[in-house]
Amino acid sequence: FDELLLLQLAILQHRREWQSAPGQALDVTDEFLETFVAATFPYELTSAQRRAIQDIRRDVSQPVPMNRLIQGDVGAGKTAVALTAMAMALANQKQAALMAPTSILAEQHYRSITQTFTSMPDGSRPVVALLTSALSQTERESIYRGLADGSIDVVIGTHALIQDGVEFNDLAVAVIDEQHRFGVEQRGRLRGKGSNPHLLVMTATPIPRTLALTMYADLDLTVIDEKPPGRKDVQTQIVYPVERERAFSFIESQLQQGRQAFIVHPLVEASDKIDARSASEAFDELQIVFHRYRVCLLHGRMKPAEKDEIMGAFAAHEYDVMVTTSVAEVGVDVPNASVIMIEGANRFGLAQLHQFRGRVGRGQHESFCLLLPDGDTPE
């Protein structure tokens, strides 16, 4: 109890400190919101998305900086909400930023955001930049200049956004994707980059409300609890190790239809201590099992550039099957991937399994998640 109380007091004090510094009140008219949403999204927003947008609008119109956590399952449409929040900054001639945990995710956001902002209702075409560690010194310095003099309106990036050297001209809204990958200090550093910008953090990990109110007491909470119509639920099935061959032939039937598959393992390499299948061993084996298809391997010990290259190639359907470890938990959007098989499923936590399952079911194809425990455990 004492520990929880101290934690709560520390978090609330933290909240009080940053709320004591004034933020910038943004003026968002009904007319702007209606036209932006109509012009930008080719589909109807769900009522949960509209609710989230209204929460954000109410927050940003105050002279106190927003600090809101948006929680919504994979595919619930958090990105559309974040885009609308960023547009609120642009409508007030201010800057917006989005921080993502990996460069491949940042690139994905960069592509979709650039496309979205080409159809701003007032006819303006905001300048969007991508800032990751992969840039050369010259490219990076030109982005730093653009952010400082205000010629860049929106920046999408990784941790590179909170490095020294990044200064904004007038940052009004900052969004953090996959918030569980960033700590309080990193959120604080992003906030320190502007004159107390409004902060929106997003997560797909389901956090029970009571826990959210305790652990994230410095954040206001919005839950997007509906999915856009037409999104099918991912079918989840437990498969016992003796049925592995059947699982493989099921995956092959999906590949024959032109789909792609993820196969996740708890370890990178074989270990004497833990009797679990490793990704490297499985990779050799699965190249034989799926010899008609292209199989790739992705794990956390690879260099970032290597990881990005493989993820990008998989997204472009240069590979059919990706053998991987927990590194695939947060990541790339591959609408064509329809099946994920998780080996040693009992070795991952519930939130992790939830994140893995979110790798499939992102397109219009019916999707499947196969859980293979490596022992006969009641869990």
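## Strand S13 and its partners

Strand S12 (residues 337-343) pairs with S13 in the parallel sense, over 5 bridges. Within this pairing, Ile342 stands opposite Leu371 of S13. To get from S12 to S13, the chain passes through helix H12 (residues 350-357). This β-α-β crossover is right-handed. All of this describes a predicted model.

S13 also pairs with strand S8 (residues 235-238). The two run parallel and are joined by 4 bridges. Here Thr236 has Cys369 of S13 as its bridge partner.

## How covered is S13?

How many residues of strand S13 (residues 368-372) are buried? The count is 5 of 5. Both faces of the strand are covered. Phe368, Leu370 and Leu372 lie on one side, and Cys369 and Leu371 lie on the other.

Cys369 has a relative accessible area of 1%. Buried means under 20%, so Cys369 counts as buried.

## Two cysteines, no bond

Cys369 leads to the topic of disulfides. A disulfide is a covalent bond between the sulfur atoms of two cysteines. How many disulfides does the structure hold? The number is 0.

Why does Cys296 form no bond with Cys369? The closest cysteine sulfur to that of Cys296 is in Cys369, and it is 18 Å away, too far for a bond. A disulfide needs the two sulfur atoms within 2.5 Å. Seen from the other end, the nearest cysteine sulfur to Cys369 is that of Cys296, and Cys369 is in no disulfide. Cys296 is buried too, at 3% relative accessibility.

## An open sheet of seven strands

Elsewhere in the model there is an open sheet. It is formed by 7 strands, and the pairing is parallel. Their order is S3-S4-S2-S5-S6-S1-S7. From one strand to the next, the twist averages 20°.

Which strands stand at the edges? They are S3 (128-131) and S7 (220-224). Each has a single partner strand, so one side of each is left without a neighbour in the sheet.

## A closer look at S1 and S6

S1 and S6 sit side by side in the strand order. Strand S1 covers residues 67-72, and strand S6 covers residues 198-203. They pair in the parallel sense over 5 bridges. Which residue of S6 does Asn67 stand opposite? The residue is Leu199.

Definitions and conventions
Residues are numbered from 1 along each chain as its sequence is written. This is a predicted model: local features need pLDDT of at least 70, side-chain atom pairs count only at pLDDT 80 or more; totals for chains, interfaces and linings use all residues. Side-chain values use heavy atoms; hydrogens and water are left out. Two strands pair if DSSP finds at least two bridges between them. Axes are lines fitted to C-alpha atoms, for helices over the stretch in contact, and angles run from 0 to 180 degrees between N-to-C directions. Buried means under 20% relative accessible area, exposed over 50%, partly exposed in between (1.4 Å probe, protein chains only). A crossover is right-handed if, with the strands pointing away from the viewer, the path from the first strand over the helix to the second runs clockwise.
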